[in-house]
Amino acid sequence: MEQMSPLALGVVGSLLAGAMTAVGASPVLLGQIPSRATRDLALGFAAGVMLAASFFSLIIPALDAAETRFENDAAPAAIACAAILLGIGAVAWMNERLPHEHFSSGREGPEAASLRRVWLFIFAITIHNVPEGLAVGVGFGADGLSGGLPLALGIGLQNAPEGLAVAVSLLGEGYDKGRAWTIAALTGLVEPIGGALGAGVVSLSQPLLPWGLAFAAGAMIYVISHEIIPETHRRGHQNKATFGLSIGLVLMLFLDVWLG
């Protein structure tokens, strides 16, 4: 893999990370659905992985990349802050403009009565998964295998509980086991789109590198705050969710230091 181009690494890495969604959803095929408390713990773990990846694998490298181009100490921090806010704003805009439906709060975005319910779910999942693929692609585009591998592993780990959550939610909507698993598995396939975009942009234009890294971090932070953490606290399992977040955060930190 070391001989592959950053763009190819970004696509392959984000594809493998996205495939973990299918792995995570597999228990529904066996009829072994974990309890709600266990699923909230797993989603908390996913949030911790994403949070650690945002800072240690994206924001800190963004600051380092900006510092090599600017002598002014304030410039790297200003670039990182602006790019993070742009990332948050971009996903917030998608969240408001694209018709989609949340598993907990129902339909949001513009009216889309003609769209089938399943496509509303897919729109929602796309909003959440594209930033993850973007982050993996940016990591590979910025620093090749060493830059993207920790992110791909971390995102893959957190995709597993997300895949399970999607499949279980679809079961609750009346889908059979096979269809619920298939839809959950397919949602992971949007990540290579973000991976190709992120790797392509930062590998073609080095001045955009700090912007791309921090933008991806902002997009992930929005998903953590707006979707994952509120969902894990909704049914009174916040202690388990916080424990999962703590384990996910320190595990991702360890992987980033060890593999990076």
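This is a short talk on one predicted protein model, from its overall fold to a few chosen residues.

Right, let's start with the whole chain. The protein chain has nine helices and two strands. Read from the N terminus, the order of elements is α-α-α-α-β-β-α-α-α-α-α. So much for the layout. Now burial. Of the 260 residues in the protein chain, 49% are buried. And contacts. Take the contacts between residues at least 6 apart in sequence. Of these, 79% join residues at least 24 apart. Keep that figure in mind, as several of the pairs below are far apart along the chain.

Next, empty space. Rolling a probe the size of a water molecule over the atoms shows where empty space is left. How many cavities of 30 Å³ or more does the structure hold? One. The largest cavity has about 40 Å³ of space. Two elements give two or more residues each to its lining: α3, residues 36-67, and α5, residues 117-172. The lining residues are R39, A42, L43, P161, L164 and A165. By class, that lining has five nonpolar residues, no polar ones and one charged.

Stay with α3. Which residue forms a salt bridge with D40? It is R36, and the closest N and O atoms of the pair are 3.1 Å apart. The structure holds one salt bridge, so let's look at this pair properly. Both D40 and R36 sit in helix α3. They are four residues apart, about one turn of the helix. Are they buried or exposed? D40 is buried, and R36 is too.

Why does R36 count as buried? Because its relative accessible area is 19%, and the cut-off for buried is under 20%. That is a value to read with the cut-off in view. Setting aside residues up to four places away in sequence, R36 touches E231, R234, R235 and H237.

Further along the helix comes S54, also in α3. S54 is buried, because its relative accessible area is 0%. What does its side chain reach? The backbone oxygen of M50, at 2.8 Å. Then there are its contacts beyond four places in sequence. S54 is in contact with I59, A217, M220, I221 and I224.

Now over to α5, and to G163. G163 has its place in helix α5. G163 is buried, because its relative accessible area is 0%. Now a distance. G163 and A22 are 141 residues apart in sequence, yet 6.2 Å apart in space, C-alpha to C-alpha. Leaving out neighbours within four places, the contacts of G163 are T21, G24, A25 and A184.

That last name takes us to helix α6, residues 177-187, where A184 lies. Why is A184 called buried? Because its relative accessible area is 0%. Leaving out neighbours within four places again, A184 is in contact with T21, A25, G163, V166 and A167. T21 and A25 are in the contact list of G163, and they are in the list of A184 too. One more distance here. A184 and G24 lie 160 residues apart in sequence, and their C-alpha atoms are 9.0 Å apart in space.

On to helix α7, residues 191-204. G200 lies there. G200 counts as buried because its relative accessibility is 14%. How far apart are the C-alpha atoms of G200 and G10? They are separated by 8.3 Å, with the two positions 190 residues apart along the chain.

Last stop, helix α9, residues 238-259, with T242. Is T242 buried, partly exposed or exposed? Partly exposed, because its relative accessible area is 43%. The side chain of T242 reaches the backbone oxygen of Q238 at 2.8 Å. Compare S54, whose side chain reaches the backbone oxygen of M50 at 2.8 Å. T242 also brings us back to the cavity. T242 and L43 are 199 residues apart in sequence and 9.7 Å apart in space, C-alpha to C-alpha. And L43 is one of the residues lining the largest cavity.

To recap. One salt bridge in the structure. One cavity of 30 Å³ or more. And among the contacts at least 6 apart in sequence, 79% join residues at least 24 apart. That's the tour.

Terms used. Residues numbered from 1 in each chain as written. Predicted model: local features only at pLDDT ≥ 70, side-chain atom pairs only at ≥ 80, totals over all residues. Heavy atoms only, no water. 1 Å grid on protein atoms, 1.4 Å probe; cavity = no way out; pocket = protein on both sides within 12 Å on 5 of 7 lines; lining within 4 Å. Points joined across faces, edges and corners; volume = space filled by probe spheres on them. Nonpolar A, V, L, I, M, F, W, Y, C, P; charged D, E, K, R; others polar. Salt bridge = Lys/Arg side-chain N within 4 Å of Asp/Glu carboxyl O. Buried < 20%, exposed > 50% of the residue type's maximum accessible area, 1.4 Å probe, protein only. Polar contact = N/O pair within 3.5 Å; in protein donor to acceptor, adjacent residues only side chain to side chain. Contact = heavy atoms within 4.5 Å.
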